[in-house]
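Let's take a friendly walk through this model, beginning in its interior and ending at its ligands. Keep the viewer open as you read.

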Amino acid sequence: MNPLNIAIAGAGGRMGHILIETILQTPDARLAGALDRDGSPTLGADAATFLGQKSGVAIEADLAKGLAGAQFLIDFTRPEGTLAHLAYCAEHGIKMIIGTTGFDEAGKAAIAAAAKKTAIVFAPNMSVGVNVTLKLLQQAAKALSVGYDIEVIEAHHRHKVDAPSGTALKMGEVIADALGRDLKECAVYAREGVTGERDPSSIGFATIRGGDIVGDHTVLFAGTGERIEISHKSSSRVTYAHGALRAARFLADKATGLYDMNDVLSLND
Ligand SMILES: NC(=O)C1=CN([C@@H]2O[C@H](COP(=O)(O)OP(=O)(O)OC[C@H]3O[C@@H](n4cnc5c(N)ncnc54)[C@H](OP(=O)(O)O)[C@@H]3O)[C@@H](O)[C@H]2O)C=CC1
Ligand SMILES: O=C(O)C1=N[C@H](C(=O)O)C[C@H](O)C1
């Protein structure tokens with residue numbers, strides 16, 4: 001069996017490290033390249049240096065060098081990084097697994113356009129648990145559509161740069177869709193001062209940042225006389241890395257198309 005030849009973008013980052021470690025332990029995967037951005041102190045070093053090991057793969061900023069032997073690029077970086085990698089991958093038929101969050105509408109449209117030229121899995125959270133939680137939320141929202149106020153609460157480590165998390169926004173979208181609402185119209189991202197009473201059709205978001213929290217998400221359905229909370233808590237980033245590898249396996253026989261973790265995990269209705 002030929003291994004999946006996978007390059008990692010953001011090779012010096014939190015997700016980059018766990019992805020490299022996971023690939024080196026996975027029999028059907030091979031580390032085929034490693035990228036980091038121009039000026040990064042990691043450039044030129046072996047991608048497994050942080051493990052005290054040698055992978056034989058040097059970290060490159062040049063996409064032609066870093067992606068020379070790769071069929072797949074797993075990208076957990078920043079929107080501007082992912083979009084630069086996207087153009088190269090679309091041009092050269094390299095399949096992408098995109099975990100980066102914080103894209104604007106134009107960024108999402110660029111990913112959809114690139115998926116006409118190469119196959120892409122794009123998901124704000126690649127853990128199995130979160131994607132099953134999204135299904136539970138869809139069901140709960142439909143059953144609790146009247147008389148329950150909906151608030152999404154998320155907590156992450158002090159280094160996270162985007163808010164609310166991509167997962168929290170996805171939860172909001174799934175709930176809004178289930179209720180026939182448009183999240184753009186009903187999301188409330190901040191409250192301060194005299195806010196007036198809560199609009200019953202709103203979906204609220206609250207963001208906590210601190211310490212080394214890997215990623216906690218809770219959706220609160222607050223009714224009269226009862227509250228329902230649906231929570232997911234990540235205690236290790238390895239679950240995201242395993243999800244990203246499942247996504248690569250899923251893409252192996254796809255030439256083009258935009259997919260999400262529902263497709264990868266066969267969770268579509
Ligand atoms: N979908 C999912 O399941 C998950 C998604 N994420 C998302 O993944 C992303 C990365 O998270 P995390 O690993 O914690 O972040 P880190 O900051 O630890 O790592 C980001 C990496 O990307 C590099 N980078 C930053 N900007 C650019 C750029 N313009 N071009 C190329 N590379 C760049 C960084 O380099 P440098 O250090 O030099 O800045 C670093 O190596 C975030 O958007 C996060 O929300 C995270 C976990 C799970
Ligand atoms: O930045 C992180 O760490 C995470 N980001 C993703 C998000 O924004 O939802 C996924 C996970 O929550 C960890």
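## Around I6

In this predicted model, I6 touches I23, A29, R30, L31, A32, A70, F72, I74 and A248, leaving aside residues up to four places away in sequence. I6 also belongs to the largest nonpolar core, which has 52 residues. Together with F72 and I74, I6 is among the residues with the most contacts inside that core.

Which element supplies the largest share of this core? That is helix α8, spanning residues 238–251, with seven residues. Another core lies apart from this one; it has 15 residues, including V130, L137, L169 and A176.

## Strands β1 and β2

If you are tracing the strands, β1 and β2 pair in the parallel sense over five bridges. Within this part of the model, N5 stands opposite R30 in β2. Strand β2 is mostly covered, with six of its seven residues buried.

## Helix α1 and its packing

Now turn to α1, where M15, G16, I18, L19, I20 and I23 are buried. What do these buried residues pack against? Their partners are β1 (4–9), β2 (29–35), β4 (72–75) and α8. One of them, I23, is already familiar as a residue that I6 touches.

## The annotated stretch

The UniProt record, an unreviewed entry, carries the annotation "domain: Dihydrodipicolinate reductase N-terminal" for residues 5–126. Over residues 5–126 the chain is 32% helix and 21% strand. The C-alpha atoms at the two ends of this stretch are 19 Å apart.

## Ligand 1

If you plan to look at the ligand surroundings, start with ligand 1, which 24 residues surround. The closest are G10, G13, M15, G81 and G99. Two elements give two or more residues to this shell: α1 (14–24) and α3 (79–92). Of the elements, α1 gives the most, with three residues.

How does the shell around ligand 1 divide by class? There are six nonpolar, 13 polar and five charged residues. M15, one of the closest residues to ligand 1, is also one of the buried residues of α1.

## Ligand 2

The residues around ligand 2 are T101, P124, N125, H156, K160, S165, G166, T167 and G215. By class, this shell holds one nonpolar, seven polar and one charged residues.

Conventions: Residues are numbered from 1 along each chain as its sequence is written. Chains are lettered from A and ligands numbered from 1 in the order in which they are written. This is a predicted model: local features need pLDDT of at least 70, side-chain atom pairs count only at pLDDT 80 or more; totals for chains, interfaces and linings use all residues. A residue is near a molecule or strand if its C-beta atom, placed from the backbone, lies within 6 Å of it. Ala, Val, Leu, Ile, Met, Phe, Trp, Tyr, Cys and Pro count as nonpolar, Asp, Glu, Lys and Arg as charged, and the others, Gly among them, as polar. A nonpolar core is a set of buried Ala, Val, Leu, Ile, Met, Phe, Trp, Tyr and Cys residues joined through C-beta atoms within 7 Å. A residue is buried if 20 or more other C-beta atoms lie within 10 Å of its own, exposed if 12 or fewer, and partly exposed in between; C-beta atoms are placed from the backbone. Helices (H or I, at least four residues) and strands (E, at least two) are DSSP runs, numbered from the N terminus. Two residues are in contact if their C-beta atoms, placed from the backbone, lie within 7 Å. UniProt positions are given in the numbering used here, feature names are shortened, and annotations may be inferred rather than shown by experiment. Two strands pair if DSSP finds at least two bridges between them.
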